[in-house]
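This report turns to charged side chains, to the pairing of strands and to the surroundings of one acidic residue. The sequence and the structure are shown first, and the discussion follows.

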Amino acid sequence: MTSSPPPDRTEALVLAPTPARTATGIGLMVALAALLLRAALGQAPLSQAAMIAVAVVALALARTLWRGRGDSLHWTAQGVVDGQGRVIAARHAIARVDRSPLSLKPSNGFNLAMRGPQPRAWQPGLYWRLGRRVGIGGLTPPGVAKAMADRIALDTAPPPDAS
């Protein structure tokens with residue numbers, strides 16, 4: 001009898017936005033744009049221009065959410081990687097995971113404190129990267145995000161002292 005090989009641990013977890021949360025986010029952005037455009041009709045020219053500008057930004061955000069609806073984040077040997085293979089947070093650069101309720105983090109998500117500054121990046125509803133922080137979550141299921149945060153914390157923790 002031969003023993004089976006150990007399971008492949010190169011990709012521990014996949015975090016992707018749920019269709020219901022994505023549809024809700026897109027719907028809210030489109031509804032906001034429609035309300036702003038409707039309210040702008042009876043306003044003074046300066047207020048009207050400001051409302052139209054904010055409505056255009058809301059529609060652009062809805063379009064970005066639509067385009068990113070199929071994207072996902074993967075915890076691999078490289079670190080946190082998106083669906084196109086771009087490294088969002090390199091494994092060796094992660095200092096700690098922050099899930100505290102008082103931290104500035106995405107809804108249903110967590111923060112990664114990085115060892116050095118990172119280039120800016122943003123995928124609405126999935127992640128943002130700014131300075132030494134990476135926020136992961138938003139339109140993602142909270143249970144999977146918590147499991148990913150726990151897995152990253154375990155995998156990046158320093159080894160215990162051998163005393």
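A salt bridge is taken here as a side-chain nitrogen of Lys or Arg within 4 Å of a carboxyl oxygen of Asp or Glu. The model is a predicted one, and the structure holds five salt bridges under that criterion. One of them joins D150 to K146, whose closest N and O atoms are 3.8 Å apart. D150 and K146 lie four residues apart in helix α3, so about one helical turn separates them. The table lists this pair together with two others.

| Salt bridge | N to O distance |
|---|---|
| D150 and K146 | 3.8 Å |
| D155 and R151 | 3.1 Å |
| R91 and D155 | 3.9 Å |

The pair D155 and R151 is likewise set four residues apart in helix α3, with about one helical turn between the two residues. The salt bridge between R91 and D155 links distant parts of the chain, since R91 belongs to the loop between β4 (87-90) and β5 while D155 sits in helix α3 (residues 142-156), 64 residues apart. Through shared partners, the salt bridges join R91, R151 and D155 into one network. As for solvent exposure, R91 is partly exposed at 24% relative accessibility, D155 is partly exposed at 29%, and R151 is partly exposed at 28%. In the remaining pair of the table, D150 is partly exposed with a relative accessible area of 32%, and K146 is partly exposed at 44% relative accessibility.

Another acidic residue, D71, is placed in the loop between α2 (45-67) and β2 (73-76). D71 is buried but takes part in no salt bridge, and the nearest side chain of opposite charge, that of R86, is 4.3 Å away, which is outside the 4 Å cut-off because a salt bridge has to fall within that distance. A polar atom of the D71 side chain does lie 3.0 Å from the backbone nitrogen of G83. Leaving aside residues up to four places away in sequence, D71 touches A16, P17, D82, G83, Q84, R86, Q123 and L126.

The strand that follows this loop, β2, is covered on both faces, with L73 and W75 buried on one side and H74 and T76 buried on the other. In a regular strand the side chains alternate between the two faces of the sheet. β2 pairs with strand β3 (residues 79-82) in the antiparallel sense over three bridges, and a hairpin of two residues joins β2 to β3. Within this pairing L73 stands opposite D82 in β3, and D82 is also one of the residues that D71 touches.

An open sheet of three strands has the order β5-β6-β7, with antiparallel pairing. β5 (94-98) and β7 (127-136) stand at its edges, each with a single partner strand, so one side of each is left without a neighbour in the sheet. Neighbouring strands of this sheet are turned against each other by 70° on average, direction ignored. β5 and strand β6 (residues 110-123) pair over four bridges, with I94 standing opposite M114 and D98 opposite N111. On its other side, N111 has G135 in β7 as its bridge partner. β6 and β7 pair in the antiparallel sense over eight bridges, and they form a hairpin with three residues between them, where G125 in the turn has a positive phi of about 85°.

Note on methods. Residues numbered from 1 in each chain as written. Predicted model: local features only at pLDDT ≥ 70, side-chain atom pairs only at ≥ 80, totals over all residues. Heavy atoms only, no water. Buried < 20%, exposed > 50% of the residue type's maximum accessible area, 1.4 Å probe, protein only. Lys, Arg positive; Asp, Glu negative; His and termini not counted. Polar contact = N/O pair within 3.5 Å; in protein donor to acceptor, adjacent residues only side chain to side chain. Contact = heavy atoms within 4.5 Å. Pairing = 2+ DSSP bridges. Axes fitted to C-alpha atoms, helices over the stretch in contact; angles between N-to-C directions.
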